[in-house]
Amino acid sequence: MTTINITFNSQQVQLSAGTSLREFVSSQIGKDLDADSKAVDGSKLGVAAAVNGAVVPRSSWNSKVLEDGHSVELVTAAQGG
């Protein structure tokens, strides 16, 4: 198995090569995501993802393959004021 190293929210993480952003986000939030990166159970995700400082639209998570050296930020929406 080939692995890659990424930085996730300032932490070094090792992944299998070929991991999509959708697969990675799913593993981090503990929810199964469909091919459109929506929660299979119909719940709201409340998260946004950026790769190398650029926000990746949820519609592109499935096709965005993470590569060695990428920096991934996952931001959770917070309610309040």
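These exercises work through the fold of a predicted model.

**Exercise 1. List the secondary structure elements of the protein and give their order along the chain.**

Solution.
- Step 1: Count the elements. The protein has one helix and five strands.
- Step 2: Read from the N terminus. The elements run β-β-α-β-β-β.
- Step 3: Check how closely this chain is packed overall. The radius of gyration is 13 Å, and the globule rule gives 12 Å for 81 residues, so the protein is as compact as a globular protein of that length.
- Step 4: Add the outer dimensions. Along the principal axes, the C-alpha atoms fill a box of roughly 40 × 30 × 20 Å.

**Exercise 2. Work out the order of the strands in the sheet and find the edge strands.**

Solution.
- Step 1: Write down the order. The five strands form an open sheet, E2-E1-E5-E3-E4.
- Step 2: Look for strands that pair on one side only. These are the edge strands, E2 (11–16) and E4 (54–55).
- Step 3: Name the type of pairing. The pairing in this sheet is mixed.

**Exercise 3. Determine how E5 is joined to E1 and to E3, parallel or antiparallel.**

Solution.
- Step 1: Take E1 (residues 3–8) and E5 (residues 71–76). Two bridges join them, and the two strands run parallel.
- Step 2: Find a residue pair to look at. Thr7 stands opposite Ser71 in E5.
- Step 3: Turn to E3 (residues 47–51). Five bridges join E3 to E5, and here the strands run antiparallel.
- Step 4: Locate a pair again. Val47 has Thr76 in E5 as its bridge partner.

**Exercise 4. Describe the pairing of E3 with E4.**

Solution.
- Step 1: Count the bridges. There are two between E3 and E4.
- Step 2: Give the direction. E3 and E4 run antiparallel.
- Step 3: Pick out a facing pair. Ala50 stands opposite Val55 in E4.

**Exercise 5. Summarise burial, contacts and surface for the protein.**

Solution.
- Step 1: Apply the burial cut-off, under 20% relative accessible area. Buried residues make up 31% of the 81 residues.
- Step 2: Consider the contacts with a separation of 6 or more. Residues 24 or more positions apart account for 46% of them.
- Step 3: Turn to the surface. The protein exposes about 5100 Å², and carbon and sulfur atoms supply 46% of that area.

**Exercise 6. Give the numbers of positive and negative side chains, and say how far apart the centres of the two sets lie.**

Solution.
- Step 1: Count the charges. There are 6 positive and 8 negative side chains.
- Step 2: Compare the centres of the two sets. They lie 8 Å apart.

Technical notes: Residues numbered from 1 in each chain as written. Predicted model: local features only at pLDDT ≥ 70, side-chain atom pairs only at ≥ 80, totals over all residues. Heavy atoms only, no water. Helix = DSSP H or I, 4+ residues; strand = E, 2+ residues; numbered from the N terminus. Rg over C-alpha atoms; globule rule 2.2 N^0.38 Å. Buried < 20%, exposed > 50% of the residue type's maximum accessible area, 1.4 Å probe, protein only. Contact = heavy atoms within 4.5 Å. Areas by Shrake-Rupley, 256 points an atom, 1.4 Å probe, with all protein chains shown as cover. Lys, Arg positive; Asp, Glu negative; His and termini not counted. Charge placed at Lys NZ, Arg CZ, Asp CG, Glu CD. Pairing = 2+ DSSP bridges.
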